[in-house]
Amino acid sequence: MTKNLLEQLREMTVVVADTGDIQAIEKFTPRDATTNPSLITAAAQMPDYQEIVDETLLEAKKDAGSGATEAQIVSLAFDRLAVSFGKKILAIVPKRVSTEVDARLSYDTEASIAKGRYLISEYEKVGISRDRILIKIASTWEGIKAAEILEKEGIHCNLTLLFGLHQAIACAEVGATLISPFVGRILDWYKKDSGRDYTPSEDPGVLSVTQIYNYYKKFGYKTEVMGASFRNIGEIVELAGCDLLTISPNLLTQLQETVEELPRKLDPAKAATMEIEKLTLDKATFDQMHAADRMASEKLNEGIKGFSKALEMLESLLASRLARLESGAKVGTAAAEIFQSYDLDGDGFITREEWMGTDAVFDALDRDRDGKITPVEMGTGLGAILQMATV
């Protein structure tokens, strides 16, 4: 009897859960997991996780001291909350969890290094080895150079917001542990730019990851390739054999429910026989290639803005919750406030472009799959990831 797609995929690719929802991770039992501010924002508003958030906030307030500002308390709480979720996830997954550096530090090498060291120290305080943590940094030149220093210190890095071969080569040259090229966001850009649809086999995001994978395997780089940000299971099928794929709960469910043959598409042995030109990158060459790649330039900037906004939303949520905790009031959700912040043009809908945060959260909230989030979907859908994990 033919196995389902998820079972077959796991035989050739490491499956990573793209979610901060602990129950979803328990359901799909991936080897690794990754999380970020927008996923934590959604998860933190679910009743199951309020205790984690509240305890972290109160502890941060106490440790920050009487003279600390609200911003300092919330910043400390966010880092600890990321570690708290990471710790719980590591109790479920056998290998690693990715924890994100503040996207607002993406063009600051020294600040990114300091944040990476701090996050590792927080994990080590609770007895978790740095070998189980990936520090997630945007693939700017500055972020890549930060990863170079951290890797030399034994701090493993996941380079994210990666859209071009030049970024991938630079990451491999500095010895980054892992990269996360964004398949779906590349497709989004080309669909909007060209006005046409693409089949999975001609999907520009799929082709980009395939090119990077073959380049790495041809020249023996140890950096792992983890495809991310998928729009449909067709993209995942086309990348079967990739080192890792990070997949949202709704797509994991679709893979689990689909029974058909899954041929391997990416193979290191085949890549080794390919005729591929080896490139050498310095900063000037990197900058030149980045400027020439309009898609990569636009999507990197957009991604940093989106991840920064997601962090600001989480900080706002934490500040509101802290104030309510201090007043003794019952903590509630902030769906209305979140909706207004993301509905940039005020038309009553949040599009994927306006959201700009993590695709897994957008997909969870977009219950009718029409590419827009309504106020009703926002109000009722903050528990969508949790609901998917329990069906």
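Biologist: Which helix lies across β1 and β8, and at about what angle does this helix run to β8?
Modeller: In this predicted model, the helix lying across β1 (14-18) and β8 is α12, which spans residues 249-257. Taken against β8, the direction of helix α12 comes to about 110 degrees.

Biologist: How many bridges join β7 to β8, and which residue of β8 stands opposite M226?
Modeller: Strand β7 covers residues 224-227 and strand β8 covers residues 244-247, and the two run parallel. They are joined by two bridges, and the residue that M226 faces in β8 is L244.

Biologist: What closed arrangement do the eight strands form, and what is the average twist from one strand to the next?
Modeller: The strands follow the order β1-β2-β3-β4-β5-β6-β7-β8 with parallel pairing, and together they make a closed barrel. From one strand to the next, the twist averages 30 degrees.

Biologist: Which residues lie on the two sides of strand β3, and are they buried or exposed?
Modeller: Strand β3 takes in residues 97-100, with V97 and T99 on one side and S98 and E100 on the other. Both faces of β3 are covered, and these four residues are all buried.

Biologist: Which residues are the partners of V97 and E100 in β2 and β4?
Modeller: Strand β2 (residues 32-34) runs parallel to β3 and is joined to β3 by two bridges, while four bridges join β3 to the parallel strand β4 (residues 133-138). Opposite V97 stands A33, and the bridge partner of E100 in β4 is K136.

Biologist: Through which helix does the chain cross from β3 to β4, and what is the handedness of this crossover?
Modeller: Leaving β3, the chain passes through helix α6, residues 109-125, before it reaches β4. This β-α-β crossover is right-handed.

Biologist: Which residues touch the most other members of the largest nonpolar core, and which helix gives the most to this core?
Modeller: The largest nonpolar core holds 89 residues, and those touching the most other members are L9, L159, I179, Y216 and I247. Among the contacts of Y216, leaving aside residues up to four places away in sequence, are A168, I169, I179 and V225. With eleven residues, the helix that gives the most to this core is α5, residues 70-90.

Biologist: Why does the pair of F163 and F182 tie together parts that are apart in sequence, and what is its geometry?
Modeller: F163 lies in the loop between β5 (157-162) and α8 (165-173), whereas F182 lies in the loop between β6 (178-181) and α9 (183-194), so the pair links parts that are 19 residues apart in sequence. Both F163 and F182 are buried. With 5.8 Å centre to centre and 80 degrees between the planes, the pair is edge-to-face.

Biologist: Why is the pair of W189 and Y190 edge-to-face, and is Y190 buried or partly exposed?
Modeller: The ring centres of W189 and Y190 are 4.9 Å apart and their planes stand at 80 degrees, so the pair counts as edge-to-face, since planes over 60 degrees apart fall in that class. W189 has a relative accessible area of 11% and is buried, whereas Y190, at 28% relative accessibility, is partly exposed.

Biologist: Is Q8 buried or exposed, and why?
Modeller: Q8 lies in helix α1, residues 5-10, and its contacts, not counting residues up to four places away in sequence, include T2, K3 and E260. Because its relative accessibility is 7%, and the limit is under 20%, Q8 counts as buried.

Conventions
Residues are numbered from 1 along each chain as its sequence is written. This is a predicted model: local features need pLDDT of at least 70, side-chain atom pairs count only at pLDDT 80 or more; totals for chains, interfaces and linings use all residues. Side-chain values use heavy atoms; hydrogens and water are left out. A nonpolar core is a set of buried Ala, Val, Leu, Ile, Met, Phe, Trp, Tyr and Cys residues joined through side-chain atoms within 4.5 Å. Buried means under 20% relative accessible area, exposed over 50%, partly exposed in between (1.4 Å probe, protein chains only). Contact means heavy atoms within 4.5 Å. Two strands pair if DSSP finds at least two bridges between them. Axes are lines fitted to C-alpha atoms, for helices over the stretch in contact, and angles run from 0 to 180 degrees between N-to-C directions. A crossover is right-handed if, with the strands pointing away from the viewer, the path from the first strand over the helix to the second runs clockwise. Rings of Phe, Tyr and Trp (its six-membered ring) pair if their centres lie within 6.5 Å; planes under 30 degrees apart count as stacked, over 60 as edge-to-face and the rest as tilted.
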